[in-house]
Amino acid sequence: MNRMSAIIEREMRKFFRSPTLMVMSLMMPLLQLVIMGNAFGGKIVGARVAVIDYDHGPEAVRLRESFEAVAANIKTFKTIEYKDELQAREDVRTGRIDAAVVIPAQYSRRVYSQDKPQLGLVVDNSDQFMSGSLEAEMQALVTALTTPAIQPRLANSIALEIVELYPYVNYMKFLLPLTVSLAMYISVMIGGGMLYIDDKARGVHEGYLVTPITKFELVFGMNIAGSMKAVLAGICITVIGSLMAGLGVIFHPVALIELLCLIVAASIAFNGMMFLMMVRVDDPLVPRAMFGVLNTLLLYPSGGMYPIAAFPRWLQAISVIDPFTYCVHGFKAVLLKDGGIVAIQYDLLFLFAFGIGTLLIATPLFKRTL
Amino acid sequence: MNAAAINGGAPEKTDAIKTAIEVEHAVKRYGSFEAVKDVSFSVADGEIFGLLGPNGAGKSTLIRMMTTLIPLTGGRAFVAGHDVAKEPDAVRRVIGVIPQALTSDPDLTVEENLSIYAKLYSVPKAERIKNIAEVLEAVDLTKWRGAQTKTLSGGMRRRLEIARGLVHNPQIFFLDEPTTGLDPVSRIAVWEMLDNLRKTRNLTMLLTTHYMEEADKLCDRIAIVDHGTLVALGTPIELKHSVPGANVVEVHFDRETNEWQHRLEKLEGVTSVQAESAGFYRVLTSSGSKTTMQLVELAASLGETLTSLSVQNTTLDDVFVHYTGRQLRDEQVKPAAFTMPPRPGAQP
């Protein structure tokens with residue numbers, strides 16, 4: 001045990017003596033949280049929408065007034081008068097405007113005669129987020145205009161009452177579970193993967209191997225040290241990230257214990273996975289090349305950014321064995337939903353089992369000689 | 001392998017001398033490539049033993065086999081009486097190893113580096129504190145004990161490596177090119193330190209080096225390894241005597257004639273004559289003084305003028321080149337356009 005503690009001591013002293021490394025391993029996930037949280041979380045404001053009015057009737061005026069109301073209040077879009085539909089289409093194509101609404105001739109007459117009145121909406125669907133937002137806004141507007149001013153005594157349509165279980169979750173909050181997971185992964189990647197291979201290349205391991213330290217002590221010493229670094233990174237990002245995203249869950253003792261359990265389990269899982277991948281690698285360039293691929297392979301299928309249900313089968317299969325999936329799910333359950341231990345029990349079980357399993361596979365692969 | 005040199009260099013097998021290292025027919029193969037071929041030697045207790053050889057000769061492989069870092073493919077090796085293949089942990093407890101690279105952690109202090117290595121050898125706390133103080137004193141780094149390793153000079157870092165290898169009081173010390181990359185002053189300081197350590201701690205040392213002067217000054221016996229084979233073994237003096245010609249006479253005549261080569265070869269004690277350039281000859285002889293006198297008399301009787309004349313003793317450089325040849329090891333991979341002329345007396 002004394003020999004194992006020597007390995008841990010060395011790793012931890014190195015960790016605290018390299019503040020740049022520490023800061024960098026925490027900075028990237030935090031930056032991602034701030035940049036992505038704001039970049040993806042916002043609503044469309046000030047889109048340019050052309051209006052081509054061939055009708056000029058009372059209903060067309062009513063419609064244009066409602067457009068003005070949107071421009072003045074929620075500011076999703078502002079309208080620009082166009083005379084020529086072809087010119088408007090061309091301008092949407094070239095990006096001078098974002099969409100065009102065509103009010104056809106006889107629109108007002110068709111509204112009054114209830115003869116299937118139609119409006120045209122030209123959108124640039126190469127930008128799905130913009131086109132989707134404008135379509136939704138226009139649809140809401142049209143629905144509002146066609147709703148009778150006086151409601152019938154008996155409603156003939158089915159109404160859906162939506163009950164939201166949790167307060168509004170903005171994108172930064174939504175992204176926090178992934179950010180915490182990513183911070184631990186980066187810490188393991190740098191502190192457990194790259195440094196391990198660099199130490200090998202520098203001959204530090206050769207120094208260990210000529211001492212009477214056992215294989216078990218060496219493997220577990222390095223992995224405990226790697227996990228401790230990831231736990232520290234996880235705690236830092238959970239606290240800082242929660243404060244930045246405005247989540248008060250870190251002030252609840254029970255939630256804190258649940259978070260700590262998750263951080264420890266995830267650190268062991270990530271570290272075990274990293275050690276298994278690096279156990280036979282000697283070339284310092286390999287982890288650097290590998291980690292770029294791993295980021296994509298593990299991060300996106302985790303459900304941290306997009307729902308797993310939207311993935312094709314093969315990607316869903318990856319997410320089943322991806323420790324990120326359980327890590328993100330667990331943090332989401334505690335940070336955003338206050339789900340309690342019941343909500344994270346399977347995540348904890350998987351992460352601990354994954355970590356121990358990978359270490360059990362990696363230990364026999366670890367060579368006690370050069 | 002030079003039988004005379006090896007027989008002459010064998011340690012005396014008496015009961016009084018204990019064997020610290022015994023290597024018997026060691027073989028190391030990597031696939032079809034044989035890095036070490038049937039090497040045998042022994043190192044006596046308290047001896048400083050040098051392994052010399054060109055790059056890729058198999059020195060580091062031999063050291064790594066003896067320090068349990070790589071398994072032997074064939075043969076056996078015993079360190080302090082323990083079989084390296086069967087009792088690797090027992091071997092590791094009695095050895096200290098200084099690798100070629102500087103592997104002390106640059107972010108840790110001198111004392112922390114030593115402390116961590118003492119812990120890896122399970123040295124108890126009280127003993128650890130005492131040992132660290134002693135080895136720091138021995139390598140003259142006491143006042144730098146709190147300094148981060150990255151702030152030390154190359155020579156100081158090398159001394160730290162040596163201290164690290166001693167912190168658990170080993171019986172046998174393996175040093176792989178301990179002075180590579182050091183300036184001449186630091187190198188001499190390391191030699192003096194190793195010599196003192198041997199005297200004060202009765203350490204057995206096995207070192208590899210490229211520096212002939214280092215081997216000559218430090219080592220009681222030297223083994224020359226080339227192409228994975230032991231080509232010579234003996235004390236530095238024995239090895240020098242094993243090379244044909246005890247002295248090298250370099251002579252430059254004012255006027256070149258075709259007769260000089262023949263005339264020089266006929267002088268007493270001369271073993272070989274090499275024409276280096278016009279009128280310039282290197283003469284290997286068993287007696288430098290006798291040959292010099294004869295040469296001067298011969299020149300005077302013929303009315304020839306000597307521009308310069310020098311007599312040198314055979315050095316370990318001559319021994320090294322004699323046994324390993326002058327061919328650069330890189331040339332073995334790619335045929336060279338130019339081949340250095342062989343030194344007189346050198347084996348093909």
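In chain B of this predicted model, strands β12(B) and β13(B) form a hairpin with two residues between them. Gly279(B), in the turn, has a positive phi of about 80°. Strand β12(B) covers residues 270-277 and strand β13(B) covers residues 280-285; six bridges join the two, and they run antiparallel. Within this pairing, Gln274(B) stands opposite Arg282(B) of β13(B).

**Domains**

Both chains have a domain assignment with a domain 1 and a domain 2. In chain B, domain 1 takes in residues 3-240 and domain 2 takes in residues 244-313. In chain A, domain 1 is made of two segments, 2-39 and 167-365, while domain 2 is 43-145. The table lists the distances between the domain centres, taken over C-alpha atoms.

| Chain | Domain 1 | Domain 2 | Distance between C-alpha centres |
|---|---|---|---|
| Chain A | residues 2-39 + 167-365 | residues 43-145 | 48 Å |
| Chain B | residues 3-240 | residues 244-313 | 43 Å |

**The sheet and helices of chain B**

Chain B also holds an open sheet of four strands, in the order β2-β1-β4-β5, with antiparallel pairing. At its edges are β2(B), residues 33-44, and β5(B), residues 82-83, each of which pairs on one side only. Strand β4(B), residues 74-79, pairs with β5(B) over two bridges in the antiparallel sense. Here Phe78(B) stands opposite Asp83(B) in β5(B). Helix α2(B), residues 59-66, packs on this sheet and touches β1(B), residues 19-30, together with β2(B) and β4(B). The direction of α2(B) makes about 120° with that of β1(B).

A pair of helices follows later in chain B. Helix α4(B), residues 110-120, packs against helix α5(B), residues 125-138, at an angle of about 130°, and their axes are 10 Å apart. How are α4(B) and α5(B) oriented to each other? They are oblique, because their angle falls in none of the ranges counted as roughly parallel, roughly antiparallel or roughly perpendicular. The crossing of α4(B) past α5(B) is right-handed. On the α4(B) side the contact is made by Glu111(B), Leu114(B), Ser115(B) and Ala118(B), which meet Arg128(B), Asn131(B), Ile132(B) and Val135(B) of α5(B). By type, the residues of this contact are four nonpolar, two polar and two charged.

**The sheet of chain A**

Chain A has an open sheet of four strands too, in the order β2-β1-β3-β4, but with mixed pairing. The edge strands, each pairing on one side only, are β2(A), residues 77-82, and β4(A), residues 120-123. From one strand to the next the twist averages 25°. Strand β1(A), residues 47-53, runs parallel to strand β3(A), residues 99-103, and five bridges join them. One of the residues in this pairing is Ile52(A), whose bridge partner in β3(A) is Val102(A).

Two helices lie across β1, β2, β3 and β4 of chain A. Helix α4(A), residues 85-94, runs at about 160° to β3(A). Helix α6(A), residues 128-146, runs at about 165° to β4(A).

**A helix pair in chain A**

Helix α7(A), residues 171-202, and helix α9(A), residues 215-245, have axes that come within 8 Å and cross at roughly 155°. An angle over 145 degrees counts as roughly antiparallel, so α7(A) and α9(A) are roughly antiparallel to each other. Their crossing is right-handed. The residues of α7(A) in the contact include Leu176(A), Val180(A), Ala183(A), Gly191(A), Gly192(A) and Tyr196(A). Those of α9(A) include Gly226(A), Ala230(A), Ala233(A), Gly234(A), Ile237(A) and Gly241(A). The contact of α7(A) with α9(A) is made up of twelve nonpolar, nine polar and two charged residues.

**Where the chains meet**

How many residues does the contact take from chain A and from chain B? Each chain gives 23 residues. On the side of chain A that touches chain B, the elements giving two or more residues are α1(A), residues 2-17, and α8(A), residues 204-209. The largest share comes from α1(A), with nine residues. This side of chain A divides into eight nonpolar, seven polar and eight charged residues.

Technical notes
Residues numbered from 1 in each chain as written. Chains lettered and ligands numbered in written order. Predicted model: local features only at pLDDT ≥ 70, side-chain atom pairs only at ≥ 80, totals over all residues. Axes fitted to C-alpha atoms, helices over the stretch in contact; angles between N-to-C directions. Parallel < 35°, antiparallel > 145°, perpendicular 65-115°, else oblique. Left-handed = near helix turned anticlockwise from the far one by under 90°. Contact = placed C-beta atoms within 7 Å. Nonpolar A, V, L, I, M, F, W, Y, C, P; charged D, E, K, R; others polar. Domains from an automatic or database assignment. Pairing = 2+ DSSP bridges.
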